[in-house]
Amino acid sequence: MKTIALFLALVLDASAADWPQFRGPHGDGTTSETGLPLKWSASENLTWKTELPGPGSSSPIVVGNVIYLTSYSGYGIDVKKPGEMTGLARHAICVNRADGKILWKKDVKIEQPDTAYTGTYITQHGYASSTPVSDGKNVYFFFGPAGVHAFTIRGEKLWEANLGTKAHDWGNGASPILHGDLLIVNAAIEGDNLVALDKNTGKEVWKVSRGFPASWNTPTIAAVNGREEMIVSVSGKLRAFDPKTGTELWNCRGIRGAELCPSVLVQDGVAYVIGLPGTGKAMAVRAGGSGDVSETNVVWELGIGSNCSSPVFHEGHIFFANDSRGILHCVKAATGEIIFEQPLSKERGNKVYASPILSEGRLYYVSRDQGTFVVAAKPTFEFLQHNVISGDDSVSNATPAVAEGQIFLRSDRFLYCIGKRR
């Protein structure tokens, strides 16, 4: 009983600010947090680091004074010697925010093996890419073909649900979201479905089947014209649904691509979507309406984009980083005018898969293998800081989490707490 009481005290600390899902409380990468560190290294502003039980691309989330994230082990760590698929295990992990100690770890295995990843895809992406989501009482993990797994915050198993068994060489990218009592999952890769489950039981409430080609992005919910709309980018189309019922509200021509990973960003009734077929593409579409709005609601289109990192809005401008070249684009939100295009790094080969966080006019971009770049979120490019933690040469694909002046970064090896000790 003492252990349970202590754990509840950790999680239910009312003073703690949560980061409960992918891209934060609003799902757009922005935070009202102040005092985030600008500089850090292995010897400066590093509160703690914890070695993880395996790699993963999922972002950490913060609930009270604990952190949840995922990883995998047992297969696919080494491209040359991947091992046997029967050894593959995904891990749902809970970490103490105060000291980085792993409080619990739940292993998820399935009887039917996944499709084996090929080439370098294993180490680039892996089997733990979806960020968990929490309502403060329970936490929900999506492991692609291994299904959705719900636990209490203490790690007690509640239920699991299979949303499709198809697998892909690149793994999966969409993260679950919560809307009231619904847990909504874009299971396009696993079964070409958009699914809403009862968060308490795991039972299906509604499902939209078919019509989600190449959709790897996390759904975005926004209030538009007095109603809620949930928007998903699929190859060649932008689709909006009623999140309560799954009824399609409107659609629009969209970006065609093999993988559309960036989440849609909605600001002031306009949906901003980016992708990377060819040299890239970005679009602005007025949300709202009904039926096909392709001829009436497209505001602007551009021939630049990103295949992974999602956009962020600040003071009338859209910022997004090209994943393969690490180029930061600043675009005027109202007109699509390109304000600047600037490499984040002077070194070649800089790639950015993680989405940014925005705090106090600063953009934090985590690159795959060149550390974190901090730039000013304004229409004139201003480089502020480049942070590298020596001793960790593993890949970083995950978007950071933020809570009470601290930044939580994860790589394929470690989880880091950056900032002042609480």
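This report walks through two sheets, a buried lysine and some ring contacts in the structure above.

The model is predicted, so please note its filters: local features need pLDDT of at least 70, side-chain atom pairs count only at pLDDT 80 or more, and totals for chains, interfaces and linings use all residues. Residues are numbered from 1 along each chain as its sequence is written, and side-chain values use heavy atoms, with hydrogens and water left out.

**Two open sheets**

Strands here are DSSP runs (E, at least two residues), numbered from the N terminus, and two of them pair if DSSP finds at least two bridges between them. One open sheet has 4 strands in the order S1-S33-S32-S31, with antiparallel pairing. Strand S1 (46-51) and strand S31 (401-403) are at its edges with a single partner strand each, so one side of each lacks a neighbour in the sheet. Inside this sheet, strand S32 (residues 406-410) and strand S33 (residues 414-418) are joined in the antiparallel sense by 4 bridges, and Ile407 has Ile418 in S33 as its bridge partner.

Another open sheet, also of 4 strands, follows the order S23-S24-S25-S26 and is antiparallel too. Its edge strands are S23 (312-314) and S26 (338-343). Between S23 and strand S24 (residues 317-321) there are 3 bridges, and Phe313 has Ile318 in S24 as its bridge partner.

**A lysine in a loop**

Lys199 sits in the loop between strand S12 (193-198) and strand S13 (204-209). Its relative accessibility is 13%, so Lys199 counts as buried (buried is under 20% relative accessible area, exposed over 50%, partly exposed in between; 1.4 Å probe, protein chains only). Not counting residues up to four places away in sequence, Lys199 touches several residues (heavy atoms within 4.5 Å), including Asp135, Tyr140 and Trp159.

**Rings**

Aromatic pairs are rings of Phe, Tyr and Trp (its six-membered ring) with centres within 6.5 Å; planes under 30 degrees apart count as stacked, over 60 as edge-to-face and the rest as tilted. There are 13 such pairs, and two of them are tabulated here.

| Pair | Centre distance | Plane angle |
|---|---|---|
| Trp48 and Phe408 | 6.4 Å | 45° |
| Tyr68 and Trp104 | 5.8 Å | 50° |

Trp48 is in strand S1 and Phe408 in strand S32, so their pair ties together parts 360 residues apart in sequence. Trp48 is buried at 6% relative accessible area, and Phe408 is buried at 0%. Tyr68 and Trp104 belong to one aromatic cluster with Phe141, Phe143 and Phe151.
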